[in-house]
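Visitor: I am new to this structure and should be grateful for a close look at a single part of it. Please choose a loop, describe it carefully, and then relate what is found there to other places in the chain.

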Amino acid sequence: MSRYDYVVVGAGSAGSVLAARLTEDPGVRVALIEAGGPDTAQEIHVPAAFPQLFKSDLDWDLDSEPEPGIGGRRVYLPRGRMFGGSSSMNAMLYVRGNRADYDGWAAAGATGWSYAEVLPYFRRAEDNQRGEDEYHGAGGPLTVSDARFAHPLASAFVRAAEQAGHKPNEDFNGATQFGVGRYQVTQRGGMRCSTAVAYLHPALERPNLTVLPSARAHRVVVEGGRATGVEVERGGTVEVVRAEREVILSAGAYESPKLLMLSGIGPGATLAALGIDVLRDLPVGQGLQDHYMTLLNFRTDAESMLSAATPENAALLQSEGRGPLTSTLAESGGFFRSRDELTAPDVQFHAAGLLYHQEGLGAPTEHGLAFGPCVLAPTGRGTVTPRSPRPDAAPRIQHNFLTTQEDRDCIVAGIRLALEIADQPAVADLVTGPYDTPASASEDDILDWARRAGHTLYHPTSTCAIGAVVDPELRVLDVAGLRVVDASVFPSVPRGNTNAPTIMAAEKAADLITGAAPLTPAAR
């Protein structure tokens, strides 16, 4: 039995940040438990190679339950299982969400999480290539850069959107989120800058950090109402890793709630049905949100990313850190409103210079262009529940995509926006025909196609939400010494890609855990 001050479960987007920040104090001992292993695979670090990680040993390779809003389909849910977690297999887009997200959280009771209060933590994390300003930081661990390659097909989407009347936006994380443009990315020298690269690797040499790879957390040990450790299986041996101060779950929006429930913390009726003793009856696993995305795919005779994997491009990446292999695939996009009265966007676009279909699992066998919308501010909510008391059983995940009228209206409006953009000369002159698109612009045809062709945007959140499961300092309600720090604590999914907000939350949590004074908007 090993003892530490803090035991962190999950070396992913949040856990790597916490491990690095907490061990800055040489008097603090931290154990970091990770189910996967080191991020050594080449496909992790070559940006354009991330789809090759899907359904590999580095992927948790989850699936939803049959989804009632999309014809009973099961949806493939990739999640990273290695140092850096999903920041080691995502598309590296650096998007923070909208001011309205955080101000909405604070207004609903998440004290300390307003936009003005979280902005300093975004800035502290960031080392932005463009330098420091009111919105951005310089000198932080996370390298944020402009893309080093612009595929002509992804750029054509931006021109077509401008031709359709949408304004250009050079910084989706600046004064306004509305408009179209190219995404900034978490890359350093043209290679992926995951939280493992940015935070964990520099901290690995510290004697007060112990990383336990290939270790599956079974449950949180709670004694006398206090979390005192984590039961872990490693190499066929089960042991308890003891925490003198706190246990911190950073296993993500699917695994963190599952771990809580296996530990007896969750909906009483659900746990009782599984034969799990109920320690605390809390709505763990309720409130799941994600962004449902549809991508229209078009054929083209123009060269796409299909032909990017050449020896010449590999050499260019290795020698100069540039070229097509630095592409995130989803290079460009934008934020729009489906109704004029909205003050914040409810539709986000991604555009890629290749065919991206069948949930990202379809082989691109010809040149193509893909772009389309997601439901950015969904009203539907889902659930995560244990499948059985076995810790190695994947959880039951029900997103309830497109089960509300608001979400169906939003995706229809977004797809019509996409069809309008596709009709503009910048795209229309490049494409030779549809590969996978709606049969027509009618609402019935759009919805039928959206249900068949849509998939997750890989942004699960809100299953251990502030106010329901944790307090604003991310402490699990009525259980001492236990926090959750990852995207599961978000009261709702932010309007944008969720990696940057997760890193921000971990930066903020590090101060909450250590009792440091919160950063002020003027501080770094």
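Guide: Helices and strands are here DSSP runs, of at least four residues (H or I) for a helix and at least two (E) for a strand, and they are numbered from the N terminus. The model itself is predicted. With these names in hand, the part chosen is the loop between β25 (455–456) and β26 (482–484), where Leu 474 is found.

The backbone of Leu 474 deserves attention first. Its phi is positive, about 70°, although Leu 474 is not a glycine. Most residues other than glycine have a negative phi. Leu 474 has a relative accessible area of 0% and is therefore buried, since buried means under 20%.

The residues numbered on either side of Leu 474 pair with each other: Glu 473 forms a salt bridge with Arg 475, and their closest N and O atoms are 3.4 Å apart. Glu 473 is partly exposed, at 32% relative accessible area, and Arg 475 counts as partly exposed at 37%. Elsewhere, salt bridges with shared partners join Arg 21, Glu 24, Arg 124, Glu 507 and Asp 511 into one network.

The backbone feature of Leu 474 has a counterpart in another loop. Glu 359 is not a glycine, yet its phi is positive, at about 60°. Glu 359 belongs to the loop between β20 (347–352) and β21 (368–375). Its relative accessible area is 16%, so Glu 359 is buried. A positive phi can be seen after a helix as well: α5 is followed by Gly 165, with phi near 105°. The helix α5 covers residues 152–163, and its 12 residues reach 16 Å from first C-alpha to last, close to the 16 Å expected at 1.5 Å a residue. Among the buried residues of α5 are Leu 153, Phe 157 and Val 158.

The salt bridge beside Leu 474 may next be set against others, for a search of the whole structure finds 27 of them. One joins Glu 331 to Arg 182, with the closest N and O atoms 2.9 Å apart. Glu 331 lies in strand β19 (residues 330–336) and Arg 182 in strand β7 (residues 179–182), so this pair ties together parts 149 residues apart in sequence. Glu 331 is buried at 4% relative accessibility, whereas Arg 182 is partly exposed at 26%. Another salt bridge brings together the side chains of Arg 123 and Glu 132, at 3.0 Å from N to O. Here Arg 123 is the buried partner, at 8% relative accessibility, while Glu 132 is partly exposed at 41%.

Charged residues also gather at the surface. Glu 406, Asp 409, Glu 443, Asp 444 and Asp 448 form a negative patch. Two elements, α10 (405–422) and α12 (443–453), each give two or more residues to the patch, and α12 gives the most, with three. Asp 409 has its place in helix α10 and is partly exposed, with a relative accessible area of 41%. Ser 442 lies in the loop between β24 (431–436) and α12, and at 31% relative accessibility Ser 442 counts as partly exposed.

To return to the chosen loop, Leu 474 is buried, and Glu 473 and Arg 475 form a salt bridge.

Conventions
Residues are numbered from 1 along each chain as its sequence is written. This is a predicted model: local features need pLDDT of at least 70, side-chain atom pairs count only at pLDDT 80 or more; totals for chains, interfaces and linings use all residues. Side-chain values use heavy atoms; hydrogens and water are left out. The expected span of a helix is 1.5 Å times one less than its number of residues. Buried means under 20% relative accessible area, exposed over 50%, partly exposed in between (1.4 Å probe, protein chains only). Patches are made of residues with over 30% relative accessible area and no salt bridge: like charges are joined within 9 Å, nonpolar side chains (Val, Leu, Ile, Met, Phe, Trp, Tyr) within 5 Å. Accessible areas come from the Shrake-Rupley method with a 1.4 Å probe; for residues, only the protein chains shown count as cover. A salt bridge is a side-chain nitrogen of Lys or Arg within 4 Å of a carboxyl oxygen of Asp or Glu. Lys and Arg count as positive and Asp and Glu as negative; His and the chain ends are not counted. The place of a charge is taken as NZ of Lys, CZ of Arg, CG of Asp or CD of Glu.
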